[in-house]
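I opened this entry to keep a record of what I looked up, taking the domains before the core, the pocket and some single residues.

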Amino acid sequence: MTPTKKSPIWHPFTQHALHGEMTEVVRGDGAYLYTADGRRIIDAISSWWVVTHGHCHPLIVSAIQKQAEKLNQIIFAGHTHEPAEEVAALLLNLAPCGLDYVFFSDSGSTSVEVALKMALGYWHNIGQPRTRIVVMQHSYHGDTVGTMSVGARGVFNAAYQPLLFDVSSVPFPESGHEQATLDSLEAACRNENPAAFIVEPLILGAGGMRMYPACVLKEMKRICEASNVLFIADEVMTGWGRTGTLFACEQAGVSPDIACYSKGLTGGSLPLAVTLCRADIFDAHYSKDRTRTFFHSSSYTANPVACAAAKANLDLWQNRPYASLASVVAMQEQEIEPFRGDARFKNVRQIGTITALDLKVPDGGYLAGIGPQLQAFFSGRNLLLRPLGNTIYVMPPYCVTAADLHEVYAAINEAADALG
Ligand SMILES: *Cc1c(COP(=O)(O)O)cnc(C)c1O
């Protein structure tokens, strides 16, 4: 690619008037990215939270190659294939108990759309129509109109606001104010006859890496269960080991009624998503009456190559790589420790393999100039970090080394002096 030629590509979450050239990446290997201009970059955010075992993991790559030669696409209505059947069976084995059916789609957003449609379809089909959804403040569930509706409202969706449907929101359980969240959820469940409550378990990702304890998650599930409100766990980001367990719900002993998984489902190699649900949600759609069909599909539903990649990922998890996961958790603990009590930062925090800390700046928030400045600083040190405003977070692939992480935190330390 000649650097002088202007590309016609419109990039995601990118202000082209402010952003210079895009970094051209030619190869990925483990925790590293290699650029066209010969640099090696440490991928400290797992390429937007998707890469789990590392870029181009050999077992996943070979599974993709084998499947691509055999069957690379098939209509999934009225048809099935081995990779999808294997993935579904393995998923139900690994997921929290009580989940009985697997619906495939192709992105985290779609898996959430499917979850919402399953919930509304359930109430509609059992003859007690309910349409209200309860959400948590600061949540992110995707960028489609439906998922924007259940996510935080702000500058990201101001232009589309009139099209977004109305929801009830409970406050984020800030430390010391957890009871307010629970009271608010209880009131919403009692007074508004909601179809479902949707929540990101233990950590709100795009909403600023905000963490809350497992006991709150457990209590929220109890409230939903007691009020007969469906509990949807959006584990699109938290799944696949990020929080230190395979799924975040495990830490609270919570079995959601509906669960969404994507990002790390294929180890970060190909787009695929699943929505798992309880048998009675499937059963509410099971009928000789065609009007009760679950009317949802994507062209590439359960694409065989993506399923083969997911199968390889699930095989890796079947072999219980929890020792390497625990070592990432420990390395992260060690590196974040010196920042606790550092006057340049606040809210220094960790859950599992994820750490986050907020640089003290006079003017924070996502659009504050500090975000792009930090990003440029890290990029100059060959590190891929993408702060959310003044919130710097580290979410590495699990093959990251102690030396890589040390380099990342040394740069965070320098950035705070240079830009804080
Ligand atoms: C990323 C994300 C989504 C959306 O997933 P896409 O694959 O980007 O559509 C939904 N929910 C959560 C919690 C996410 O982090």
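**Domains.** I began with the spacing of the two parts, and found the C-alpha centres of domain 1 and domain 2 to lie 27 Å apart. I kept in mind throughout that this is a predicted model. Domain 1 is made of two segments, 25–53 and 322–419, while domain 2 runs over 60–318. I then looked up how the two meet, and noted that 25 residues of domain 1 are in contact with 24 residues of domain 2.

**Nonpolar cores.** Next I turned to the largest nonpolar core, which has 92 residues, and wrote down those with the most contacts inside it, namely F197, M209, L217, M220, F378 and I412. The element that gives the most to this core is helix α12, residues 402–419, with 7 residues. I asked myself where this core lies with respect to domain 1 and domain 2. Both domain 1 and domain 2 give residues to the core, so it lies between them. I also noted another core lying apart from it, which has 24 residues, with V112, A119, I198 and A284 among them.

I followed F197 further and, leaving aside its neighbours within four places in sequence, listed its contacts as V134, V135, M136, V170, L185, M220, C224, V229, L230, F231 and I232. M220, one of these contacts, is also among the residues with the most contacts inside the largest core.

**Second largest pocket.** I looked up the volume of the second largest pocket, which is about 770 Å³. Its lining counts 32 residues, of which F76, V102, F103, F282 and F294 are the closest to the centre of the pocket. The elements that give two or more residues to this lining are α3 (82–94), β4 (101–105) and α8 (279–283). Sorted by class, I have 16 nonpolar, 11 polar and 5 charged residues in the lining.

**Helix α1.** Here I took two residues in turn, beginning with W48, which lies in helix α1, residues 46–49. Is W48 buried or partly exposed? Its relative accessibility is 36%, so I entered W48 as partly exposed. Leaving aside neighbours within four places in sequence, I found W48 in contact with P12, F13, K263, R386 and Y393. I also checked W48 against M237, and the two are 189 residues apart in sequence but 9.4 Å apart in space, C-alpha to C-alpha.

S47 also lies in helix α1, and I marked it for its backbone, since S47 has a positive phi of about 50° although it is not a glycine. With a relative accessibility of 27%, S47 likewise counts as partly exposed.

**A302.** I found a positive phi in A302 too, near 55°, again in a residue other than glycine. A302 is placed in the loop between α8 and α9, the latter covering 304–318. At 0% relative accessibility A302 counts as buried, whereas S47 counts as partly exposed.

**S111.** My last look was at S111, which has its place in helix α4, residues 108–125. The relative accessibility of S111 is 0%, and I therefore entered it as buried, a term that requires a value under 20%. Leaving aside neighbours within four places in sequence, S111 is in contact with S105, V236, C260, A273, V274 and T275.

Methods. Residues are numbered from 1 along each chain as its sequence is written. This is a predicted model: local features need pLDDT of at least 70, side-chain atom pairs count only at pLDDT 80 or more; totals for chains, interfaces and linings use all residues. Side-chain values use heavy atoms; hydrogens and water are left out. On a 1 Å grid over the protein atoms alone, a cavity is a set of points where a 1.4 Å probe fits but cannot get out, and a pocket is an open set with protein on both sides within 12 Å along at least five of seven lines; lining residues have an atom within 4 Å of a point. Grid points are joined across faces, edges and corners, and a volume is the space filled by probe spheres set on the points. Helices (H or I, at least four residues) and strands (E, at least two) are DSSP runs, numbered from the N terminus. Ala, Val, Leu, Ile, Met, Phe, Trp, Tyr, Cys and Pro count as nonpolar, Asp, Glu, Lys and Arg as charged, and the others, Gly among them, as polar. A nonpolar core is a set of buried Ala, Val, Leu, Ile, Met, Phe, Trp, Tyr and Cys residues joined through side-chain atoms within 4.5 Å. Buried means under 20% relative accessible area, exposed over 50%, partly exposed in between (1.4 Å probe, protein chains only). Domain bounds come from an automatic or database domain assignment. Contact means heavy atoms within 4.5 Å.
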